[in-house]
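Let's take a stroll through this protein chain together. Have the sequence and the 3D view open, and follow along as we go from one spot to the next.

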Amino acid sequence: MPLIITTTLIILASLSGLIFLAHTFSEWLKHKSKFIIAFSAGIFSVVTYDLFVETFEFAQNWMVAIGSILVGFFIFHLAEKLFPEIHHHEEDEHACHHSKRNVIWGDLLHNIGDGALLAIAFTVDVRVGVIAGIGIFIHEFIQEITEFSILKLSGMSTKKALFINFLVSLSIIPGIFIGLYFAQIDSFVAILFGLAGGAFAHLIFTDLIPHSISHSKKEQRYFIYVFMILAGIATLLAVNELGGGHGHSDEELHAD
């Protein structure tokens, strides 16, 4: 029962984008999109770092960790080569047009990994599971707002972006079953986190940061873009600190 309640709350975090249903927030997002993208680069930098850390913590060896990260990165790199039309930045409101695929698939893998991690935590101890759940919920709430913003900037309607976020968040459920089944196989969880980390790294280094650099050069306003990236990093670091951290060490998850 605690696992079901915790999972439900984490899924509901996907609806954090509801705050943008207000007309004021929607207009603000439209006019400040380029700064939101820079802020998102900071948010996803911390998310990616967390995923890398968890990948190496769960992997049986460093080759599995690095391999899964590289596979995740090059899957999306190959997709862009095969479908170059998804990599155009014609207008600000379409600046993240191709990012939505990275966001959706990266978040899907991330959620499956989170589900597996949550299930493993609860098999260890209910207390450890609840603590893990709180950390994941807070982390997801902030991250889902960022992902919702990117989906909106890619041209999606508010309702569609919310629906996609909610649908993708349901991927935590198969992650729960995977975690329960493979509770003793940490390397499997490591591969999921590594693939998600590689996908998000591709999003950061091929889209979000280059987009921010392009706008900063065009406007000659380097400080504001650097500030927004650092603000994104600081925000999620603060959230991680308040939530007790998003990840859990092998020793904690395998405590008696």
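## A nonpolar patch on the outside

In this predicted model, seven side chains make a nonpolar patch on the surface: Met-1, Ile-4, Ile-5, Leu-9, Leu-12, Phe-137 and Phe-141. Together they offer about 680 Å² of accessible area. Two helices, helix 1 (2–12) and helix 6 (126–153), each chip in at least two residues. Helix 1 gives the largest share of the patch, with four residues.

Take Ile-4 as an example. You'll find Ile-4 in helix 1, and because its relative accessibility is 55%, above the 50% cut-off, it counts as exposed. For contrast, here's a rule of thumb: in soluble globular proteins, nonpolar side chains tend to be buried together.

## The other side of helix 1

Not everything in helix 1 is out in the open. Leu-3, Thr-6, Thr-7, Ile-10 and Ile-11 of this helix are buried. Look down the axis of helix 1 and these buried residues sit within an arc of 140°, so they line one face of the helix. It helps to remember that an α-helix has 3.6 residues a turn, so residues three or four places apart point the same way.

## Helices from end to end

So what is the whole chain built from? The chain has 11 helices and zero strands. Reading from the N terminus, the elements go α-α-α-α-α-α-α-α-α-α-α. There are 256 residues in the chain, and 50% of them count as buried.

## The nonpolar cores

Which residues touch the most other members of the largest nonpolar core? Among its 29 residues, that title goes to Phe-44, Val-47 and Leu-208. Helix 3 (33–58), helix 5 (99–124), helix 6, helix 9 (186–219) and helix 10 (222–242) each bring at least two residues to this core. Apart from it there is another core, made of nine residues, including Ile-10, Leu-118, Ile-136 and Ile-172. You've met Ile-10 already, as one of the buried residues of helix 1.

## Helix 7 and a long-range neighbor

Helix 7 covers residues 158–169, which makes 12 residues. From its first C-alpha to its last, helix 7 reaches 16 Å, close to the 16 Å expected at 1.5 Å a residue. Its buried residues are Thr-158, Ala-161, Leu-162, Ile-164, Asn-165, Val-168 and Ser-169. Seen down the axis of helix 7, they fall within an arc of 160°, so they line one face of the helix.

Let's zoom in on Ser-169, which lies in helix 7. Is Ser-169 buried or exposed? With a relative accessible area of 6%, which is under the 20% limit, Ser-169 is buried. Now find Leu-12, a residue of the surface patch. Ser-169 and Leu-12 are 157 residues apart along the chain, yet 8.2 Å separates their C-alpha atoms.

## A bend in the rules at Gln-220

Next, head to the loop between helix 9 and helix 10, where Gln-220 sits. Most residues other than glycine have a negative phi. Gln-220 has a phi near 60°, a positive value in a residue other than glycine. Gln-220 also counts as exposed, because its relative accessibility is 55%.

On either side of that spot is a salt-bridge pair: Glu-219 and Arg-221, whose closest N and O atoms are 3.7 Å apart. How many salt bridges does a search of the whole structure find? The search finds one. Both partners count as partly exposed, Glu-219 at 22% relative accessibility and Arg-221 at 41%.

Conventions
Residues are numbered from 1 along each chain as its sequence is written. This is a predicted model: local features need pLDDT of at least 70, side-chain atom pairs count only at pLDDT 80 or more; totals for chains, interfaces and linings use all residues. Side-chain values use heavy atoms; hydrogens and water are left out. The expected span of a helix is 1.5 Å times one less than its number of residues. Buried means under 20% relative accessible area, exposed over 50%, partly exposed in between (1.4 Å probe, protein chains only). The arc is that of the directions from the helix axis to the C-beta atoms. Patches are made of residues with over 30% relative accessible area and no salt bridge: like charges are joined within 9 Å, nonpolar side chains (Val, Leu, Ile, Met, Phe, Trp, Tyr) within 5 Å. Accessible areas come from the Shrake-Rupley method with a 1.4 Å probe; for residues, only the protein chains shown count as cover. A salt bridge is a side-chain nitrogen of Lys or Arg within 4 Å of a carboxyl oxygen of Asp or Glu. A nonpolar core is a set of buried Ala, Val, Leu, Ile, Met, Phe, Trp, Tyr and Cys residues joined through side-chain atoms within 4.5 Å.
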